[in-house]
Amino acid sequence: MDLNKYTYNFFLILFSLIPISIIAGAAVSMINILIIDFSFVILLFYKRDYFFLKEKTIIYLFILYAYLIFNSFISIDYSEGILRNFGFLRIIILFVAINYFFLNETFFKKVFKSWTLIILVVLIDVLIESFTGKNILGFGGEIYHNRIVSFFKDEPVVGGYLNAFYLIIIGFLLNEFKENKNFLVILLSIIFIISILLTGERSNTIKAIFGISIFFILYKNLNIKKKVIAFITMILLIFLLVLNSNFLKVRFVFQINHLFNQNNIYFKLYDSGFEVFKKYKLLGVGNKNYRVETCNDANINEKYICTTHPHQIYFEFLSEHGLIGTLIILSVFYKLIFSKILETFRENNYVKIGALIYLILVFTPIIPTGAFFSDHVLTLFAINLAIFYASDKQLNVFKKFE
């Protein structure tokens with residue numbers, strides 16, 4: 001990567017601001033990504049670096065993009081999903097841009113140091129709000145029944161936000177410190193889990209606990225005794241916090257006890273999603289068209305629930321993409337992610353391992369999820385997917401530079 005200092009610093013600032021732009025909202029995040037994308041495309045034309053287009057990874061992403069464009073035209077209302085589908089190109093360009101710049105180790109470390117600082121500020125803010133009822137900017141209070149919102153102001157999504165960054169941050173710190181500061185990194189990991197728990201976001205808490213457990217099972221520079229002690233400490237702290245908080249008792253004990261009740265809202269949403277799938281088995285209703293189908297008064301189905309999506313990734317895929325679309329989507333992600341599991345778990349690259357664990361947990365069955373192709377969820381997913389490839393010089397799509 002041969003860049004003058006102005007171009008280098010320009011992109012360094014844009015990449016460093018990604019976590020802040022996500023907090024600022026979907027519009028700001030989109031603008032930041034589009035600036036990265038357009039600037040990077042101009043750079044590619046100037047450099048004439050096109051060989052990466054022959055990489056299988058890029059071909060798979062374009063297969064997915066081609067399918068999404070096709071999906072727009074078979075949707076029951078193409079106007080609903082057309083921007084989301086055609087806009088997937090920004091994710092592909094962002095993926096390529098992260099691979100291009102992060103191949104430079106100095107650039108990579110500078111960005112990750114900025115991300116670490118930002119995420120730590122959010123972590124501290126969550127802890128402050130959990131104790132005082134307000135974050136450092138005064139957000140919080142009675143909104144969403146005392147759930148923590150932190151800098152997101154009026155959206156209870158900070159747990160999912162931390163969940164998307166904490167594993168790659170922990171991986172980065174472990175790669176940097178090696179065995180010198182294991183204790184501090186383990187302590188920070190437990191604090192991350194506690195913070196996500198305090199947000200009251202059940203799905204993200206479950207994924208975070210599984211994620212950090214898998215991560216440290218794979219961490220080779222820690223003996224079994226220390227791993228067991230760390231895990232037991234984390235579980236005891238979780239139990240103590242839940243038992244001493246009425247809010248957490250309601251979120252994690254009372255409501256989880258009713259999870260398998262027939263009247264559970266999520267089971268009703270899943271049932272609604274399955275009903276849509278049964279009506280549109282092969283191709284689905286189309287991306288972002290679930291609400292068009294379920295909120296249409298002309299569609300008389302007592303199992304339909306009028307909402308934006310079925311709140312579970314597999315029911316979302318089946319209802320909006322049908323069997324054919326779901327097979328295409330899952331096949332692409334199998335090639336990009338799941339086919340790399342064994343070789344990644346054998347390595348000592350803990351940024352890559354952290355990203356992979358997050359990506360795998362996105363596809364956890366049964367647990368409720370946000371709409372996969374929504375801007376917020378897809379951006380967090382794309383960042384981890386890009387980091388998974390960019391942090392490994394053998395997977396990086398610009399590896400020929402080495």
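# Core, cavity and pocket in a predicted model

The largest cavity encloses about 50 Å³ of space. The model is a predicted one, and it holds one cavity of 30 Å³ or more. The cavity is lined by Leu61, Phe88, Ile91, Phe333, Phe372, Phe373, Leu378, Phe381, Ala382 and Leu385. By class, this lining comprises 10 nonpolar, no polar and no charged residues. Helix H18 (residues 375-390) supplies the largest share of the lining, four residues.

**Aromatic pairs**

Across the whole structure, a search finds 48 aromatic pairs. Two of them are set out below.

| Pair | Centre to centre | Angle between planes | Geometry |
|---|---|---|---|
| Phe216 and Tyr219 | 6.0 Å | 90° | edge-to-face |
| Phe372 and Phe381 | 5.0 Å | 70° | edge-to-face |

Phe216 counts as buried because its relative accessibility is 11%, under the 20% limit. Tyr219 is buried as well, with a relative accessible area of 1%. Phe372 and Phe381 are both buried, and both also appear in the lining of the largest cavity.

**The nonpolar core**

The largest nonpolar core has 118 residues, and those with the most contacts inside it are Phe15, Phe40, Phe102, Trp115 and Phe165. Helix H8 (residues 158-177) makes the greatest contribution to this core, 13 residues. In soluble globular proteins, nonpolar side chains tend to be buried together.

For Phe102, the contacts beyond four places in sequence are Phe15, Phe107, Phe108, Val111, Phe112, Trp115, Ile387 and Ala390. Among these, Phe15 and Trp115 are themselves listed with the most contacts inside the core.

**Two buried residues in helices H8 and H18**

Asn163 sits in helix H8. This residue counts as buried because its relative accessibility is 4%. Leaving out residues up to four places away in sequence, Asn163 touches Ile196, Asn204, Lys207, Ala208 and Tyr358.

Leu380 belongs to helix H18. With a relative accessibility of 4%, Leu380 is likewise counted as buried. Its contacts, again without residues up to four places away in sequence, are Ile22, Gly160, Tyr161, Ala164, Phe165 and Tyr358. Tyr358 is thus a contact of both Leu380 and Asn163. Phe165, another contact of Leu380, is one of the residues with the most contacts inside the largest core. Leu380 and Pro19 are 361 residues apart along the chain, yet their C-alpha atoms are separated by 9.4 Å.

**The second largest pocket**

The second largest pocket holds about 430 Å³ of space. Its lining has 18 residues, of which Ser130, Phe131, Ile148, Leu198 and Ser245 are the closest to the pocket centre. Helices H7 (105-132), H9 (182-198), H11 (224-243) and H12 (246-257) are the elements that each give two or more residues to this lining. The greatest contribution, four residues, comes from H7.

By class, the pocket lining divides into 10 nonpolar, six polar and two charged residues. The lining of the largest cavity, by contrast, has no polar and no charged residues.

Technical notes
Residues are numbered from 1 along each chain as its sequence is written. This is a predicted model: local features need pLDDT of at least 70, side-chain atom pairs count only at pLDDT 80 or more; totals for chains, interfaces and linings use all residues. Side-chain values use heavy atoms; hydrogens and water are left out. A nonpolar core is a set of buried Ala, Val, Leu, Ile, Met, Phe, Trp, Tyr and Cys residues joined through side-chain atoms within 4.5 Å. Buried means under 20% relative accessible area, exposed over 50%, partly exposed in between (1.4 Å probe, protein chains only). Contact means heavy atoms within 4.5 Å. Rings of Phe, Tyr and Trp (its six-membered ring) pair if their centres lie within 6.5 Å; planes under 30 degrees apart count as stacked, over 60 as edge-to-face and the rest as tilted. On a 1 Å grid over the protein atoms alone, a cavity is a set of points where a 1.4 Å probe fits but cannot get out, and a pocket is an open set with protein on both sides within 12 Å along at least five of seven lines; lining residues have an atom within 4 Å of a point. Grid points are joined across faces, edges and corners, and a volume is the space filled by probe spheres set on the points. Ala, Val, Leu, Ile, Met, Phe, Trp, Tyr, Cys and Pro count as nonpolar, Asp, Glu, Lys and Arg as charged, and the others, Gly among them, as polar.
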